Amino acid sequence: MMSSRSSVPRTLGFGALHLLAVVAGQLTELPGLDEPVLWPAAGVAAVWLVVQRDSRTRGVDIALVALLTMAGMAITGTSPELAAVHGVAAVVAALVLAVAAGRWLPGLWAGEGGGRPLSHLTELWRVILAAGLAAVTGSFLATLGERLLGVEVSTTVAVMRVARDIAGVLIFGVATRQAGYLIRGLRRAPTGPQALEYAAIFAVSTGAYWYTFLFNHSLPIGFLLLVLTVWAAVRMSTPLVITYSVVFNCAAALFTLTGSGPYAAIADPGPRGLVIELYLGIHVAVGLALALGRDERDALIRRLRVSEEEATEKARMMTTIVESMTEGLAILDPNGGLVLRNPAAGRLLGNVNSVSGGVALGSDYGFFHPDGTPLATGELPYTRALAGQDVQPMDVLVRNAGVPEGRIVRFNVARLAVQPDGPHHMVVVFHDVTADRRHRDELMSFAGLVAHDLLNPLTTIEGWAEVLEQELPGYRPAERVTRIQRAAARMRTFLNGLLAYTAARDGKLMPTTVNLALLVRDIVNSRLDQAETFGTVVPQIEVGQLDAVEADPVLVRQLLENLVENAVEQVPAGIVPYVGISCQPGPNGMLRIDIIDNGIGLPPGKRHEVFTSFHRGENSRGTGLELAICKRIVERHGGTIDAMANPYGNGTRMSFTLPAGRSAYARTLENQWAQRAPSR
């Protein structure tokens, strides 16, 4: 809220200006009508109460508007009764405009720093609406008060007062507030050629008004002066447009008062006053509308220019970054065609000339699985992503004329929504992982070799431990022999896991039709027998209808045993393990097998990490390679594996796909294995 100390000088200034406006307005009474043609007091009072609407002395301001209006009218010879009526009407009209402006135009002309100036076309219409509402209220009260005093007021005069007060707000109210901004230095004066053009506008307008209102005032050509108003509004700054309106509208009104100009020829004073008020209102409304519209357009153009420069700079920076990336980047349209790619993408894919806009990026570029089996277009990660699947990073062997030695490239895919409701584009990032893959393969091959070589001495250790156990019954050292046997068993389990992972990665596939129902039944019976033999909790395993798959039977058995073992292990203590196994048809001739459990579920953010090498769950007693082996087996058969929360309760659902038995996909897969590309 504005302090009373800061508002007192403003109250005094507005008071003096309002008194001067009332006296000046009274001096413009139209002969034969006794009604002022110009009423600047309407604009001054409106701005006064708008500016002071948050002041603590607002009550004083309201009282001063009424008192000074009565005093000014009394000075010019108006009777005290009529002065009182017009004083009340003036203060009510000003209050109506101030309240309307506070609701419809918050911050206009009032607030911190003097508020904001009139700067938008929509604000002008709201000012006109508020001024019209205030003018109608003031005219009604003034007309009603005069009639109560026995003064006859015609409807034409009442309408004239409305038009006069609206014009007063637009001309003098806007000018009053604009003068405050000019004094505070918020507007700059024109310089150079612009100042010359402004001077020309004023000079031409002066001549035109002299010709229309003095030299040849008998011709009704006042409407032609609107062209000059348009010229001024289009070319001059808004403060000068307001100044232009004040000067030349006052000139038109004064010429009419002295009997000069086309409007002075109207015999009846009532219509004459109404016409000149409409002329003034139309001219100032047109001028302000054009000036504010131009200001809005210029501000929009400036913002667009700044935005364009920023966008251009960002685009240039992004282009530099993309082209300097060592990773390949490509953007594909919904049909799989290339929209954009950087030079690194061409180098990694080995076909720089062909990788260009609009060309489909398909399997004909020489894409294979890392083991060398051909990769169909439908299996490509971005093709699956375009089909709506959730795709994880995928390693692809690229071998073509540009890369005859072959290169392992990791594809990372993300959907890109160009339009909110439009089809998705794909962003594909390529990473050359050949060296990492080769290093990992060599490391795992070495681990497999070491594991195989360590089994022989481990067998010797286990044998001698058994001999010691038989020769030391009842002796205390026998307990230490038991520890040796447990450590050896753990070592054998770990080495067998390494060998199994190596076999799943490098072993030759022997695909055939596998009856999943028989295989799963055998695994379940083995698991139940194991629980009864060792006295552990017997799990509840429910098996649905299972179809046949086309796969390597040894690897599929290992896959299912690992997944069932993982499901049983992940159950908290005191709860009977439950495992459900079912299948359903998948896309592209695949069969999807689901294994659900009632275990502890997946840790947050570990959905894909569980398939990495040496990852061990909370209750896992294995080597950490079991699920990595499962992933490798599934991928070698052209399928996918995923882990997610159990949709039917607590626990996890493991889902993987294998080629359906006797399917067209399985038959073509067998041919692809027979025609396997040469190994790297």
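Which residue just after α5 takes a positive phi? That residue is Gly150, whose phi is about 90°. Before going further, I should say that this is a predicted model, in which local features need pLDDT of at least 70 and side-chain atom pairs count only at pLDDT 80 or more, while totals for chains, interfaces and linings use all residues. Residues are numbered from 1 along each chain as its sequence is written, and side-chain values use heavy atoms, with hydrogens and water left out.

Helix α5 itself covers residues 121-148, helices here being DSSP runs of H or I with at least four residues, numbered from the N terminus. Its 28 residues reach 40 Å from the first C-alpha to the last, close to the expected 40 Å, where the expected span is 1.5 Å times one less than the number of residues.

Turning to the interior, the largest nonpolar core has 77 residues, and Leu97, Leu118, Tyr209, Tyr244, Tyr279 and Leu280 touch the most other members. Such a core is a set of buried Ala, Val, Leu, Ile, Met, Phe, Trp, Tyr and Cys residues joined through side-chain atoms within 4.5 Å, and buried means under 20% relative accessible area, computed with a 1.4 Å probe on protein chains only. Helix α2, residues 40-51, gives the most to this core, with ten residues, and twelve of its twelve residues are buried, among them Trp48 and Leu49.

A second, separate core of 38 residues includes Leu546, Ala551, Leu591 and Ala643.

Finally, a search of the whole structure finds zero disulfides, meaning pairs of cysteine sulfur atoms within 2.5 Å. Cys250 is buried at a relative accessible area of 16%, and Cys583 likewise counts as buried, at 16%.

Methods
Helices (H or I, at least four residues) and strands (E, at least two) are DSSP runs, numbered from the N terminus. Buried means under 20% relative accessible area, exposed over 50%, partly exposed in between (1.4 Å probe, protein chains only).
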